[in-house]
Amino acid sequence: MKNFIAKTIQDMPPSGIRRFFDVAATMKDVVSLGTGEPDFATPWHIREEAIYTLERRRTTYGANAGMVELRREIARYMSKYGLSYDAETQVMVSVGASEDIDVAMRALLNPGDEVLLVEPCFVAYKPCVVMAGGVPVTIPTGAENGFRVTAADIEARLTPKTKAVLLSYPCNPTGAILERSELEAVAAVLRERDLVVISDEIYSELTYGDAPHVSIASFPGMAEKTIVINGFSKAFAMTGWRLGFVCGPADLIAAMVKIHQYVLMCAPIIAQYAGIEALRSGAPSVEAMRKEYDGRRRFMLKELREMGIDCFEAKGAFYLFPSIKQFGLSSEDFCDRLLHEARLAVVPGTAFGDSGEGHVRCCYAYSIDNIKEALSRLRNFIQKI
């Protein structure tokens, strides 16, 4: 049957994260800092709403674009970032933000269209571009500038074939953010260009420091050309609920709904009712989790630096991206040895693109006890090598 599989899929490598953790899953006594999965349970009041939904026998299909009540709550929620959307025409509820990335590419791209991607980046971006017939054009970033893309970086790679620019801040895997002034400069470059901006803001609630999250769509002239992707998985600890949303220009949202309705029909109705409750009453729980993540972030950063490992201070998401260049091993070799010799799983930086070489991703969305044990194993390992 292999000959029947589309060449695009045959040529596509498996996820660098999943490939590595499939090996880890076969081993005993492994401690992980690998998966971007909150260790918190979904807040009780959200779970309770789902239970009530089942008891009320609300188990039918829903509207393709999502329940109007939920879309209205999403529009209200997005206003906190200075964004104004019409719930009827500019909001779509999806089966997770990952679906939004895929559907956005399929709605936008014709064969040969180019999409600028800032690397290191989430593992799904490049495959989604390729599966939609597009051409990914990567913009490398590094620790020397805090893994921040600049307006000049973007402008240098724009061509007549550029159809879209995909931004993801706060960033998975680096934890980097863009300050308001940096985003403003990027917006100035993109505002007059004939292209679409896709802004993945799934970690918008998880920023640390005094400056709140800023959406590029909030700058003058940008909302009408920007798709903003977000969801419930990270901020509300609802990964398994598979509930996301996308906001943007009405014509683009209509095109995305068209694809969504044929492929998935609608997001799970039980998850949608839970999502309404999350947006209405979940802010205190989100803030409590954010504060806990911030404490873990500062603890892990301090411990890594005390070990002599160079690591820039990430200000968003729940990842650190330390350098392992000093050990003379590639990212893959370092992680492979760390797994087999110390029973500690982290993700090679190259899983997120070539510019991730020399780094590993460490997730701190784990209990502090798990983090302490992981760091102890890492300390022993680097002393050994």
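Contact here means heavy atoms within 4.5 Å. On that basis, residues 24 or more positions apart account for 75% of the contacts in the protein with a separation of 6 or more. The model is predicted. Its secondary structure comes to 13 helices and 12 strands. The radius of gyration is 21 Å, close to the 21 Å that the globule rule gives for 385 residues, so the protein is as compact as a globular protein of that length.

**Overall dimensions and surface**

- Taken along the principal axes, the C-alpha atoms of the protein fill a box of roughly 60 × 55 × 55 Å.
- Buried residues make up 57% of the 385 in the protein.
- The exposed area of the protein is about 16,500 Å², and carbon and sulfur atoms supply 51% of it.

**Charge**

- The protein has 43 positive and 48 negative charges.
- The mean positions of these two sets of charges are 3 Å apart.

**Helix α10**

- Helix α10 covers residues 269-281, and its end C-alpha atoms are 19 Å apart.
- This agrees with the expected span, because 13 residues at 1.5 Å a residue should span 18 Å.
- The helix is mostly covered, with 10 of its 13 residues buried.
- The buried residues of α10 are I269, A271, Q272, Y273, A274, G275, I276, E277, A278 and L279.
- Their cover includes the helices α3 (44-55), α4 (68-78) and α11 (283-306), together with the strand β2 (91-94).

How values were computed: Residues are numbered from 1 along each chain as its sequence is written. This is a predicted model: local features need pLDDT of at least 70, side-chain atom pairs count only at pLDDT 80 or more; totals for chains, interfaces and linings use all residues. Side-chain values use heavy atoms; hydrogens and water are left out. Helices (H or I, at least four residues) and strands (E, at least two) are DSSP runs, numbered from the N terminus. The expected span of a helix is 1.5 Å times one less than its number of residues. Buried means under 20% relative accessible area, exposed over 50%, partly exposed in between (1.4 Å probe, protein chains only). The radius of gyration is taken over C-alpha atoms; the globule rule is 2.2 Å times the number of residues to the power 0.38. Accessible areas come from the Shrake-Rupley method with a 1.4 Å probe; for residues, only the protein chains shown count as cover. Lys and Arg count as positive and Asp and Glu as negative; His and the chain ends are not counted. The place of a charge is taken as NZ of Lys, CZ of Arg, CG of Asp or CD of Glu.
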